[in-house]
Amino acid sequence: MTHAAGTELRDISKIETHLHLEGSLTEQRLVALASKHQSSLLEKGPDAAAQLYNFETFTGFLNAYKVCCEHLKTPEDYRQLTAELLQRLADQHCVYAEILFTPSICPRFGLPAREVIEAVLETGREGQPRGIQVRWIFDTVRQWGADPCWQTLEWALQYRDHGVVGLCIGGDEASQPARVFRDVFESAEKAGLHRSAHAGEICDARSVWHAIEELRAERIGHGVHALEDPLLVDYLIRHSLPLEISITSNFRTGAVDKDCVHPILEINRRGIPFTLNSDDPGLFRTSLQREWELAAGILGWFPEQFVELVRRTLRYTFLTEDEREQIRAILGDG
Ligand SMILES: [Zn+2]
């Protein structure tokens, strides 16, 4: 045997730091929501949802994401989505997750944002008895500009006592420069919120520098293009600034060529800090367990190396040191 088998990885306690609530919507649940809300997706035939989920480009991915969000029409839909995600995380022995949630989608689609936020956060708290603790990072959509980002910051601060720990920017990386959001992220930092940013996913290493310099990002979503810049690689290592790696996501969106070995091999070889994640497990038809199995195949890792990865990942979380200590105890490292 050259690396850990899936069955050996199943029982290891896991942590995830890059996981979108909306992107956790499965194809089956989308079909159920289309039926519940009698949406136009039903008129496109029985394979419409499957076809939507078969995207192979970043544009196709963004379109599928949009259609998923259009089908979340009530706070109850969000409550159910959150509960199902937590159950799947618990089933994979995920003990702690920082989940990205984009509340500015709500007003776009005519939903009452505060009601939805409260439904999501409340359901998140209900995960604890099932062995999964969560914190929330409020994500904002880059192509929508600074105004929804300011609004997102306001919500994040309003609900910070209910498990919101950070602000993130996602969406179309090529659409707006990071400096557009600089003031918002500066305010977030001053208020004591953590920051992360999707960067170096479809754009080059300069985008990662911008996320660090303009947004003061503490973690980089994807960042696979960071490898192109030796100075950046050095910076990430020296500052223990991790890349949030999602293998399936990169292949499905075209961020990484399907015929290439995933850059996680080189990222690991060079000693760049990273975490392993499912990103949008519903849309990518993956899971954290599956991402671990893929990483095991590429890196040739054995179970002990995944246990080490979880320990390192805990250090990169947006928890306080006391809270990390509690998770360490759950992991058996206390
Ligand atoms: Zn993401």
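## Helix H4 and its buried face

In this predicted model, helix H4 buries Phe-61, Ala-64, Tyr-65, Val-67 and Cys-68. Looking down the axis of H4, you will find these buried residues within an arc of 165°, so they line one face of the helix. Their packing partners are three other helices: H2 (27–36), H3 (48–53) and H12 (247–253).

The length of H4 works out nicely too. The helix has 13 residues, 58–70, and at 1.5 Å a residue these should span 18 Å; the C-alpha atoms at its two ends are 18 Å apart, which agrees.

## The eight-stranded sheet

Next comes the sheet. Eight strands form an open sheet in the order S1-S2-S3-S4-S5-S6-S7-S8, and their pairing is parallel. Strand S1 (14–20) and strand S8 (274–276) stand at the edges; each has a single partner strand, so one side of each lacks a neighbour in the sheet. On average, and with direction ignored, neighbouring strands are turned by 25° against each other.

## Strands S2, S3 and S4

Let us step across three strands of this sheet. S2 pairs with strand S3 (residues 133–141) in the parallel sense, over six bridges. If you would like a place to look, Leu-100 has Ile-137 of S3 as its bridge partner. Helix H8 (residues 146–158) packs on the sheet here, where it touches S3 and strand S4 (164–170). The direction of H8 makes about 160° with that of S3.

S3 and S4 also run parallel, and six bridges join them. Across this pairing, Val-141 stands opposite Gly-170 in S4. S4 itself is mostly covered, with six of its seven residues buried.

## The nonpolar core

In soluble globular proteins, nonpolar side chains tend to be buried together. Here, the largest nonpolar core holds 88 residues, and Leu-167 and Ala-211 are the ones that touch the most other members. Among the contributors to this core, strand S2 (residues 94–101) gives the most, with six residues.

Which residues does Leu-167 touch, leaving aside those up to four places away in sequence? They are Ile-137, Phe-138, Thr-152, Leu-153, Ala-156, Phe-185, Ala-188, Leu-193 and Arg-195. One of these, Ile-137, appeared above as the bridge partner of Leu-100.

Definitions and conventions. Residues numbered from 1 in each chain as written. Predicted model: local features only at pLDDT ≥ 70, side-chain atom pairs only at ≥ 80, totals over all residues. Helix = DSSP H or I, 4+ residues; strand = E, 2+ residues; numbered from the N terminus. Expected span 1.5 Å × (residues − 1). Buried ≥ 20, exposed ≤ 12 C-beta atoms within 10 Å, placed from the backbone. Arc of directions from axis to C-beta. Contact = placed C-beta atoms within 7 Å. Core = buried A, V, L, I, M, F, W, Y, C linked by C-beta atoms within 7 Å. Pairing = 2+ DSSP bridges. Axes fitted to C-alpha atoms, helices over the stretch in contact; angles between N-to-C directions.
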